[in-house]
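Colleague: I would like a close look at a single part of this model. Please take me through it step by step.

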Number of protein chains: 2
Amino acid sequence: MPRWEGDARRRLQQAALELFADRGYDRVTVAEIAVAAGLTERTFYRHYADKREVLFRGPDEFEENFLRGAAEETGDDAMTLVVAALERGAGFFSPERRPWSRARQAVVDATPALQERELLKLSALASTLTGALTERGVDAVTAALAAESGVTVFRTAFAVWIGAGEERSFPEVQQGVLAQLHGLLARG
Amino acid sequence: MPRWEGDARRRLQQAALELFADRGYDRVTVAEIAVAAGLTERTFYRHYADKREVLFRGPDEFEENFLRGAAEETGDDAMTLVVAALERGAGFFSPERRPWSRARQAVVDATPALQERELLKLSALASTLTGALTERGVDAVTAALAAESGVTVFRTAFAVWIGAGEERSFPEVQQGVLAQLHGLLARG
């Protein structure tokens with residue numbers, strides 16, 4: 001994507017987040033987001049299908065890091081592949097991104113339509129990871145369990161990472177949550 | 001709920017499932033479902049808020065079994081509580097119910113709106129279970145991991161249980177899936 005295209009997306013996202021936080025998602029129109037970003041409504045629709053999409057990167061872009069992590073792992077053990085995916089996926093959540101992620105999550109938490117969209121995103125990630133694992137020869141049930149567990153670790157780590165006062169990096173938080181899941185299921 | 005009310009719900013569900021399977025969810029109206037069930041549209045709306053709801057029991061009813069299982073468990077270990085919830089939840093999926101569950105799932109799999117609804121149902125179950133665990137003194141992160149893992153086991157077991165040729169009972173399948181998850185996370 002050329003740089004100015006990325007700039008347009010960033011400006012639209014920033015404007016949308018501020019408007020949603022200010023007035024509530026339901027009371028903001030696409031036209032208002034475009035104006036606040038100094039762009040046209042037509043430009044908005046070149047980048048996003050509708051208002052609900054503006055706070056979400058394309059699904060491909062979101063899943064890409066995770067998939068690349070699994071693809072670059074040479075082992076074929078299910079959890080080894082999932083951990084490689086998680087480590088690569090964590091790279092996106094840099095310290096500079098944390099304030100944005102916190103503000104974004106506050107809006108998502110206040111907006112049922114965005115919560116649904118978030119669920120769909122994570123469910124799609126689990127399906128995609130399951131597919132990547134079965135392609136590597138992992139049986140279907142193990143693949144589903146490993147991929148869903150990976151998504152559970154990611155979403156839990158994300159919630160911890162954006163918590164008030166949390167200062168550890170995303171990879172560090174995620175590693176801790178993964179260890180906690182191992183501990184939880186090692187007994188029993 | 002009086003018996004005739006339960007009958008009306010069952011007739012509406014049966015009629016809806018047959019129509020959806022026959023013609024596709026999008027091409028069926030609430031009026032047609034009511035007629036096929038020998039009831040009025042008004043009766044339909046006394047039982048369900050809209051067409052999307054007819055294949056879903058009320059969320060309270062679905063979650064109730066799981067919650068009761070956790071409530072009756074005297075231990076306070078997170079996974080012990082989750083396993084108790086799963087065992088009680090499994091009771092609903094009797095052998096007589098399997099053909100219905102298979103037919104229902106085929107319609108859900110073919111219908112994005114119903115897939116979204118199913119995701120919401122399972123996500124609500126995870127939240128409710130997380131809440132039940134924290135009320136029992138489990139810390140927030142452990143509660144989330146245990147509850148999400150429980151839902152992963154349930155949904156994976158359900159997919160196996162409705163598989164072609166599967167003859168084991170739901171509790172048996174679920175126990176096997178749980179053991180597989182333990183095995184997967186014991187290593188590492």
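Colleague: In which helix of chain A does Glu148(A) lie? Please start there and work outwards.

Modeller: Keep in mind that this is a predicted model. Glu148(A) belongs to helix H8 of chain A. Its relative accessibility is 18%. Buried means under 20%, so Glu148(A) counts as buried.

Now look at what surrounds this residue. Set aside the neighbours within four places in sequence. Glu148(A) is then in contact with Ala126(A), Thr152(B) and Arg155(B). One of these partners carries a charge link across to chain B: Arg155(B) forms a salt bridge with Glu148(A). The closest N and O atoms are 3.8 Å apart. Side chains of opposite charge can pair when their charged atoms come close. Across the interface of chain A and chain B, the rule finds 2 salt bridges.

Next, the interface itself. Chain A gives 27 residues to the contact, and chain B gives 27 residues. Together the chains bury about 2,600 Å² between them. Of that area, 68% is on carbon and sulfur atoms. On the chain A side, Leu145(A), Leu184(A) and Leu185(A) lose the most area to chain B. Those three make up 26% of what that side buries.

How do the two chains relate? A turn of 180 degrees, with a shift of 0.0 Å along the axis, lays chain A on chain B with an RMSD of 0.0 Å. The two copies are therefore related as by a two-fold rotation axis. Within chain A, Ala186(A) has the C-alpha nearest the axis, 2.3 Å from it. The same surface serves both copies, as 100% of the contact residues of chain A recur in chain B.

Helix H9 of chain A covers residues 170-186. It has 17 residues, so at 1.5 Å a residue it should span 24 Å. The end C-alpha atoms are 24 Å apart, which agrees. Buried residues in H9(A) include Phe170(A), Val173(A), Leu181(A), Leu184(A) and Leu185(A). Gln174(A) and His182(A) are buried there too. What covers them? Part of the cover comes from helices H5 and H8 of chain A. Helices H5, H8 and H9 of chain B are also included.

Follow Phe170(A) inwards. Leaving aside neighbours within four places in sequence, its contacts are Ala90(A), Phe93(A), Phe154(A), Ala157(A), Phe158(A) and Trp161(A). The largest nonpolar core has 72 residues. Phe170(A) is among the members that touch the most others, as are Leu133(A), Phe154(A), Leu133(B), Phe154(B) and Phe170(B). In soluble globular proteins, nonpolar side chains tend to be buried together.

Finally, compare some salt bridges inside a chain. The structure holds 18 over all chains. Arg168(A) meets Glu166(A) at 2.8 Å, N to O. Arg168(A) is partly exposed, with a relative accessible area of 34%, while Glu166(A) is buried at 16%. In chain B, Arg168(B) forms a salt bridge with Glu166(B), and the closest N and O atoms are 2.8 Å apart. Salt bridges that share partners join Arg104(A), Glu118(A) and Lys121(A) into one network. Within it, the side chains of Lys121(A) and Glu118(A) meet at 3.9 Å, N to O. These two are 3 residues apart in helix H7 of chain A, so about one helical turn separates them. Lys121(A) counts as buried, at 14% relative accessibility. Glu118(A) is buried, with a relative accessible area of 14%.

Terms used. Residues numbered from 1 in each chain as written. Chains lettered and ligands numbered in written order. Predicted model: local features only at pLDDT ≥ 70, side-chain atom pairs only at ≥ 80, totals over all residues. Heavy atoms only, no water. Core = buried A, V, L, I, M, F, W, Y, C linked by side-chain atoms within 4.5 Å. Buried < 20%, exposed > 50% of the residue type's maximum accessible area, 1.4 Å probe, protein only. Contact = heavy atoms within 4.5 Å. Least-squares fit on C-alpha atoms with pLDDT ≥ 70 in both. Helix = DSSP H or I, 4+ residues; strand = E, 2+ residues; numbered from the N terminus. Expected span 1.5 Å × (residues − 1). Buried area = accessible area lost by both parts, 1.4 Å probe. Salt bridge = Lys/Arg side-chain N within 4 Å of Asp/Glu carboxyl O.
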